[in-house]
Amino acid sequence: MAVPQNKDELLKAMRVSYAALSKALDRVAGENFFEPSLEGHAKGSRMSVADLVSYLIGWNTLVLKWHEREAAGLAIDFPEAGYRWNQLGLLAGKFYLDYRGLSAAQLRALLEDRHQALIRLVESLSDDDLYGASWCGKWTRGRMIQFNSASPYRNARGRIAAWLRRGLAPISAQEKGEGE
């Protein structure tokens, strides 16, 4: 999918990539959701699908936080207070811990909630708000939203699909037709 250049393209990219991710997550058997058998975000680390979902929730939440702080007239700590852009592996680990203890269903519901909140945020902004000027360094607001929603959704879907193809997780009961 091409890099979004306007609000409509951004919304489409977010919705399409999220729908594909959701379908991939539906294929993960419950007992494998917490198995650390995916390549992690930090070099040499392992993570679970739950960690991957936590990572997505974490970034979605950060984008919302950036906008809440901006609306309140507060400074934005890019990417997050206490972290620099060269510490994204550490930030990923923080996200894993932030949502540890939630069930697969709770993680999926929270991801859906954050995704819908981002959709509402983008819908509330104009093309000029999104793409008219740099917002974080050289990046526009729209590009920063895309970097932290549509792009990682697509990446996560690909990771999960490859993981399932390699047979690292059995097919879920729903996919086998047992859950109907």
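This report walks through charged pairs, surface patches and a few single residues.

What you're looking at is a predicted model, where local features need pLDDT of at least 70, side-chain atom pairs count only at pLDDT 80 or more, and totals for chains, interfaces and linings use all residues. Residues are numbered from 1 along each chain as its sequence is written, and side-chain values use heavy atoms, with hydrogens and water left out.

## Salt bridges

Side chains of opposite charge can pair when their charged atoms come close. Here, a salt bridge means a side-chain nitrogen of Lys or Arg within 4 Å of a carboxyl oxygen of Asp or Glu. The structure has seven of them, including the three in this table.

| Positive residue | Negative residue | Closest N and O atoms |
|---|---|---|
| Arg15 | Glu123 | 2.7 Å |
| Arg108 | Asp26 | 3.0 Å |
| Lys94 | Asp98 | 2.6 Å |

Let's take Arg108 and Asp26 to begin with: this pair links distant parts of the chain, with Arg108 in helix α4 and Asp26 in helix α1, 82 residues apart. A word on naming: helices (H or I, at least four residues) and strands (E, at least two) are DSSP runs, numbered from the N terminus.

Now for Arg15 and Glu123, whose closest N and O atoms are 2.7 Å apart in their salt bridge. That pair also links distant parts of the chain: Arg15 is in helix α1 and Glu123 in helix α4 (residues 104-124), 108 residues apart.

How far apart in helix α3 are Lys94 and Asp98? They sit four residues apart in that helix (residues 88-98), so about one helical turn separates them.

As for cover, buried means under 20% relative accessible area, exposed means over 50%, and partly exposed is in between (1.4 Å probe, protein chains only). Arg15 is partly exposed at 40%, and Glu123 is partly exposed at 40% too. Arg108 is partly exposed with 23%, and Asp26 counts as partly exposed at 35%. Lys94 is partly exposed at 25%, and Asp98 is partly exposed at 39%.

## Charged patches

Patches are made of residues with over 30% relative accessible area and no salt bridge; like charges are joined within 9 Å, and nonpolar side chains (Val, Leu, Ile, Met, Phe, Trp, Tyr) within 5 Å. Lys and Arg count as positive and Asp and Glu as negative, while His and the chain ends are not counted.

Asp8, Glu9, Asp127, Asp128 and Asp129 form a negative patch on the surface. Two elements, α1 and α5 (127-131), give two or more residues to this negative patch. Which element gives the most to it? That's α5, with three residues. Asp127 is found in helix α5 and counts as partly exposed, with 42% relative accessibility.

There's a positive surface patch as well, formed by Arg46, Arg157, Arg165 and Arg166. Arg166 lies in the loop between α7 (150-165) and α8 (173-176), and counts as exposed at 53% relative accessibility.

## Two buried residues

Is Gln146 buried or exposed? At 4% relative accessibility, Gln146 counts as buried. You'll find Gln146 in helix α6 (residues 141-147), where its side chain makes a polar contact with the side chain of Arg143 (2.3 Å). A polar contact is a pair of N or O atoms within 3.5 Å; within protein, one must be able to donate a hydrogen and the other to accept it, and residues adjacent in sequence count only if both atoms are side-chain atoms.

Then there's Leu11 in helix α1 (residues 7-26), which counts as buried at 7% relative accessibility. C-alpha to C-alpha, Leu11 and Ala150 are 8.9 Å apart in space, yet 139 residues apart in sequence.

Notes: Areas by Shrake-Rupley, 256 points an atom, 1.4 Å probe, with all protein chains shown as cover. Charge placed at Lys NZ, Arg CZ, Asp CG, Glu CD.
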